[in-house]
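The exercises below ask you to work from a structure to its buried cysteines, its interface and its charged pairs. Try each task before reading the solution that follows.

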Amino acid sequence: MQDSSILNTFIAMMDRIGLNYEFLATGYEATIWRDGFITTLYLIALLIPVSLVAGLVFAACLTSGRPFLSAPVRGFVEITRNTPTLVQLMFSFLVLNTFVSNLVGGAQNNPLTPFFWVVAVVGLHIAALHAEAMRAGIEAVPSSMVEAARGMGFSQWQILRHVELPLAFRASLPAIVNNLINLVKLTTVGNAIAVSEITYASIMVWTQRDNVVSLMIVILVFFSAINIVVARLGIWVERKLAVPGYGL
Amino acid sequence: MTATTMTSGPKKQHLTRSLAFVALPLVILIWALTDLSLGRTLVEWIPYLASGFMMNILISLLAMTFGTVIGAIFGILELAPYRLVRYPVVAYVQIFRNAPHLVLIFATTYIFPFEIVIAGNYLPFPDWVKAVIGLAIPASAYVAEITRGAIQSIPTTQWEAAQGLGFSRWQALRYIILPQCVRRSLPPWMNLFSSITMATALASLVGVHELLHAATDASTAVRRIDFTIIAYIVVMAAFFALCYPISRLTRRLERRFNAA
């Protein structure tokens with residue numbers, strides 16, 4: 001009761017300055033919209049770890065010095081960085097998804113949803129960007145340190161795990177945070193294959209209500225807020241991990 | 001590891017780089033030649049796809065032109081000594097830099113009318129122009145940040161030296177600071193250019209006839225799974241052919257500027 005009266009005053013107030021939020025008082029459209037926000041947040045929460053882990057694997061392959069590992073990854077990274085994510089998404093969804101469907105015998109058996117494809121494509125796209133950042137970080141680790149570790153009997157893997165990655169991660173953190181902000185923005189391409197994230201949900205609402213400006217303001221504020229949080233978290237992690245005297 | 005890349009590195013890298021330029025077109029060519037009926041269909045559709053790609057290039061060039069002009073002005077205003085000027089510009093940059101490109105394209109497409117009335121004449125306001133505006137907005141926000149960063153990266157002593165030589169603040173900016181900024185901001189500007197070029201594909205979602213849209217049209221008209229695959233590979237190859245040289249050049253410039 002209390003809630004709905006606050007909501008109604010809000011709607012009335014916004015109406016006075018020319019913004020239309022009437023749909024919030026209806027059950028159905030308000031639910032669609034709220035679920036849109038939740039889906040976007042869920043996508044972001046899922047994509048950040050996925051992209052970081054995949055990026056780490058790519059970076060390890062790129063710097064391994066073994067051509068059979070680094071060449072395919074390098075090819076993948078270059079193609080991913082230089083073609084639009086939307087095209088990759090359409091390609092995956094229309095072509096790879098059809099292959100999977102044929103493989104399991106019909107689209108009804110296909111376990112892969114549009115949601116999966118958004119996570120896979122956007123996750124790997126950002127992972128390619130992470131990999132580039134981490135590779136630069138790994139290559140920036142002074143060679144004397146790597147040689148010292150090798151002299152102490154560290155294996156290649158141990159050098160990567162205990163010497164290169166801890167320093168490389170700190171050095172590449174600003175670039176990684178930048179990529180994560182891109183990631184937040186890229187979740188909107190899910191719209192193209194009917195993943196009901198916030199832009200898709202908003203289209204559903206504004207085709208009925210014709211209140212594009214009102215919804216747009218909320219969406220812009222929403223994305224700004226998420227990105228400010230991501231950037232702040234990045235700065236916080238950077239400070240937490242800073243090595244005194246190392247300049248990182 | 002370092003030793004082996006040192007010795008055989010440069011030559012091998014050069015080879016893989018040149019391979020990267022032709023890899024995708026080569027895949028398309030070989031496939032089209034092994035399956036001639038597919039090749040013929042593809043050749044029939046190439047002009048249609050090319051007309052779509054022209055639209056991508058047009059949108060990205062216009063968006064970058066407007067974005068650069070407006071962004072450079074905003075970048076200078078971001079450093080203005082008056083809060084009244086600075087705060088609105090900083091807010092504009094923060095909001096539109098953080099906004100997804102797709103959302104801005106939707107915004108311009110749905111908010112602007114489909115025709116404008118100037119002195120009783122109805123002028124059409126086509127979707128592709130709205131996409132140009134939708135991409136020019138984030139481009140301008142990015143260019144503003146690039147410009148601001150470049151201006152701030154110039155040592156303060158240069159401002160002081162200019163002042164000592166009798167330059168006004170504006171003259172110092174115009175004749176001493178900005179020319180140096182052009183050089184420093186070139187690599188990030190080129191990164192932005194390639195990212196805006198790739199973002200033009202998003203215009204297909206609001207019905208602009210560009211490459212991705214053309215490929216979708218073609219694949220629904222032909223209705224062959226192998227044609228669909230090759231059409232999308234053509235789309236990727238086209239964007240790659242445009243963006244990969246830009247990114248190579250950017251990396252080379254970055255390395256040269258870092259060395260200098």
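**Exercise 1. Decide whether Cys61(A) is buried or exposed, and find how many disulfides the whole structure holds.**

Solution. The model is a predicted one, and the first step is to take the relative accessible area of Cys61(A), which is 15%. Since buried means under 20%, Cys61(A) counts as buried. The second step applies the cut-off to Cys181(B), which at 4% relative accessible area is buried as well. The last step is the search for disulfides, which over all chains of the structure finds 0.

**Exercise 2. Describe the interface of chain A and chain B: how many residues are in contact, and how much area is buried between the chains?**

Solution. Begin with the residues, where 40 of chain A are in contact with 36 of chain B. Next comes the area, for the size of an interface is often expressed as the accessible area that is lost when the parts come together. Chain A and chain B bury about 3200 Å² between them, and 76% of this lies on carbon and sulfur atoms. The polar side of the account follows, with 2 salt bridges counted between chain A and chain B and 4 residue pairs in polar contact across their interface, both residues of each pair being at pLDDT 80 or more.

Then ask which helices of chain A supply at least two residues each to the side that touches chain B. These are H3 (67-82), H4 (85-104), H7 (156-186), H8 (198-209) and H9 (212-241), and the largest share, 9 residues, comes from H4(A). Sorted by kind, the residues on this side of chain A are 21 nonpolar, 14 polar and 5 charged.

**Exercise 3. Find which residues of chain A form salt bridges with Glu132(A), and work out which parts of the chain these pairs tie together.**

Solution. Out of 14 salt bridges over all chains of the structure, one joins the side chains of Glu132(A) and Arg74(A), at 2.7 Å from N to O. Because Glu132(A) lies in helix H5 (residues 114-140) of chain A and Arg74(A) in helix H3 of chain A, this pair ties together parts that are 58 residues apart in sequence. Glu132(A) is buried at 9% relative accessible area, whereas Arg74(A), at 26%, counts as partly exposed.

Glu132(A) also forms a salt bridge with Arg81(A), where the closest N and O atoms are 4.0 Å apart. Arg81(A) lies in helix H3 and Glu132(A) in helix H5, so this pair ties together parts of chain A that are 51 residues apart in sequence.

The final step is to follow the links outward: Arg74(A), Glu78(A), Arg81(A), Glu132(A), Arg135(A), Glu139(A) and Arg251(B) are linked in a network of salt bridges. Within it, Arg251(B) forms a salt bridge with Glu78(A), with 3.3 Å between the closest N and O atoms.

**Exercise 4. Locate the two residues of the salt bridge between Arg148(B) and Glu78(B).**

Solution. The closest N and O atoms of Arg148(B) and Glu78(B) are 3.9 Å apart. Arg148(B) sits in helix H5 (residues 127-153) of chain B, while Glu78(B) sits in the loop between helix H2 (36-77) and helix H3 (83-98), so that distant parts of the chain, 70 residues apart, are linked. As to accessibility, Arg148(B) is partly exposed at 23%, and Glu78(B) is buried at 6%.

Terms used: Residues are numbered from 1 along each chain as its sequence is written. Chains are lettered from A and ligands numbered from 1 in the order in which they are written. Side-chain values use heavy atoms; hydrogens and water are left out. A disulfide is a pair of cysteine sulfur atoms within 2.5 Å. Buried means under 20% relative accessible area, exposed over 50%, partly exposed in between (1.4 Å probe, protein chains only). Contact means heavy atoms within 4.5 Å. Buried area is the accessible area (1.4 Å probe) that two parts lose on being put together, summed over both. A polar contact is a pair of N or O atoms within 3.5 Å; within protein, one must be able to donate a hydrogen and the other to accept it, and residues adjacent in sequence count only if both atoms are side-chain atoms. Helices (H or I, at least four residues) and strands (E, at least two) are DSSP runs, numbered from the N terminus. Ala, Val, Leu, Ile, Met, Phe, Trp, Tyr, Cys and Pro count as nonpolar, Asp, Glu, Lys and Arg as charged, and the others, Gly among them, as polar.
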